[in-house]
Each structure stands twice: as structure tokens, then as C-alpha cells.
Amino acid sequence: MDELVSRGIIIKQNNYGDAHRMLSIFTEDEGIIKAVRYGVRGKKASNAAAFQMLCYGDFKLRPSRGEIMTVVSADILDGFYPVSEDITKLSLLVYLADITYTLLGEANPDRRILSLFLNIAYAAAYRDEPYLKLKSAYELKLMCAGGYMPRLDSCGVCGGGAEYFSPGKGCMVCRAHHGAEDIKTSPGAAAVMRYIAGCPDKRMLSFSAKDDQYYKETSDITEKYVSAQAEKEFASLGYFKQMAGIT
Ligand SMILES: [Zn+2]
């Protein structure tokens, strides 16, 4: 089978055998694929830095009979290395990669979502933004891009006041229609969410909340929205919170 070259970013890595590494690469053309890089660990490893989490570039891949390809070589454009040097940032990106993988699955190309992920990796590496702003902007934009745009302007049941966010229903609800799982939402947090959901993708971080508490509040809501729609708790989220000192 012919080799192919695909541009993408490594979003997950695991040790594989004694000397190898199993990579998940989010590529433009093939979506998220699994590929093995042989001999990346141990004494004889060469160019190991090109085959780790967040390396972005052109990967030469060799298909095999099974589902898993082999990474032949990589031409790296950016490694977003400041993220790897900061355990809190890295744990955030591991979590964001985790939800992306869960939402998109393998072999499902989506250039819009890839571009959102690259924007967040770039901002985490090279800009000074609050962790929770990066987190909630990506969580909500990912959901919108994945077909889960929430109704945020008024109650999704009756069109009345938007006072709570319902992660299960995927919309704001009024006092009369809120359930036990729904989250009381301040006007400031609701405004942040409306901005993120409505803005062009490239401007997903072009806002600032009046107070850092709105990032925390928004982040609590958007993570519950992701979790409710994915029907999954993410261990990587707990790890990020531990690293960031968030209770
Ligand atoms: Zn209502």
C-alpha cells in the first residue's frame, strides 16, 4: 500500500511495547487516526521530539493491513513546546484533546474542529490567557461545531427568561422549567456563553469578562454540557483541575 502524507497534530500518545509509541494524530484529510512510531524510546531513538503530544506538521504514514498505520517520518511546523513545559497547560490540552476524540471519533475528518484545536494550542503556548477562558471557549465552540449549538437567548421550553442552563436539554431555561441538574446562570456568564457561541471561530478568545469569576462560572457550565452530551465523565478533567488547583 502506498504511503501518504497528512498534515495534523498529535493529540494523544501512549507507550507501545518497550521502545515504541502509539500516537493519535488529528489530521486534515483522514480525521483522527492511530499510528505507531517504532523505536521512539530507548537508546537508539532518533528525532523523538517530533513524535510527542501537540507536534503539528506533515506526517508520512504507511498504511498496514490492520487499522493502525506506521509513522515513517514527520516534518514538524510547530510543537507548541511552552505547553509541554507547563504541567497545568499540558493537562488542559490533554483534556481538550480527550473531549475532541470522544465527540469526533476516529476517521471522521473535520477541518473546522481541527482549526479550533490548533487555535487553542496556539493560545495556550504563546498567549497569556486564563486557563478557564481557554477551556470554556473551546468546550462551547467544540459543541457548536459538533452540532450541539445551545439555545442561549431565552428558555428553550417556553421562550421565557433565561435563568438556568440545562446541560441535558442543551439550552437555557426559565425558573418554572428548570430541573435539579440545571445550573443557575448569572447574566455575566450567559453573556460570555452567547459571545462564544455566536462569534466567528477565529475570534473565540477575543473577549474579556468583567471579572474572573465569570470564567469560572462559564467553565463549570460548559464542562457539564460536554459531559452530559457525551454521556461521559472525563478523568483528564479531574487531573487538570487538580493541577490548576480548582475545586
Ligand atoms: Zn420556561
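**Exercise 1. Work out how strand β4 and β5 pair, and over how many bridges.**

Solution. Start with the residue range: strand β4 covers residues 56-62, and it pairs with β5 in the antiparallel sense over 7 bridges. Keep in mind that you're looking at a predicted model. Next, pick out one pair: L61 has V71 in β5 as its bridge partner. Finally, follow the chain between the two strands, and you'll find a hairpin that takes 6 residues to join β4 to β5.

**Exercise 2. Find out whether strand β3 and strand β5 run parallel or antiparallel.**

Solution. First locate the strands: β3 spans residues 31-37, and β5 spans residues 69-78. Now check the direction: these two run parallel, joined by 2 bridges. For a concrete spot to look at, try A35, which stands opposite M69 in β5.

**Exercise 3. Name the protein donors of the zinc ion and decide on the geometry of its site.**

Solution. Step one, list the donors: C155, C158 and C174 each give their SG atom, while H177 gives ND1. They lie 2.1 to 2.3 Å from the zinc ion. Step two, read their spacing in sequence, which is C-x2-C-x15-C-x2-H. Step three, look at the angles among the 4 donor atoms: they go from 96 to 118 degrees. Four donors count as tetrahedral if all angles lie between 85 and 135 degrees, so the zinc site is tetrahedral. For reference, the ideal angle for four tetrahedral donors is 109.5 degrees.

**Exercise 4. Is C155 buried or exposed, and how does C158 count?**

Solution. Buried means under 20% relative accessible area. C155 has 0%, so it's buried. C158 comes out at 46% relative accessibility, so it counts as partly exposed.

Methods: Residues numbered from 1 in each chain as written. Predicted model: local features only at pLDDT ≥ 70, side-chain atom pairs only at ≥ 80, totals over all residues. Heavy atoms only, no water. Pairing = 2+ DSSP bridges. Helix = DSSP H or I, 4+ residues; strand = E, 2+ residues; numbered from the N terminus. Donors = N, O, S within 2.8 Å, 3.2 Å for Na, K, Ca; no water. Tetrahedral: all angles 85-135°; square planar, octahedral: opposite > 155°, others 65-115°. Buried < 20%, exposed > 50% of the residue type's maximum accessible area, 1.4 Å probe, protein only.
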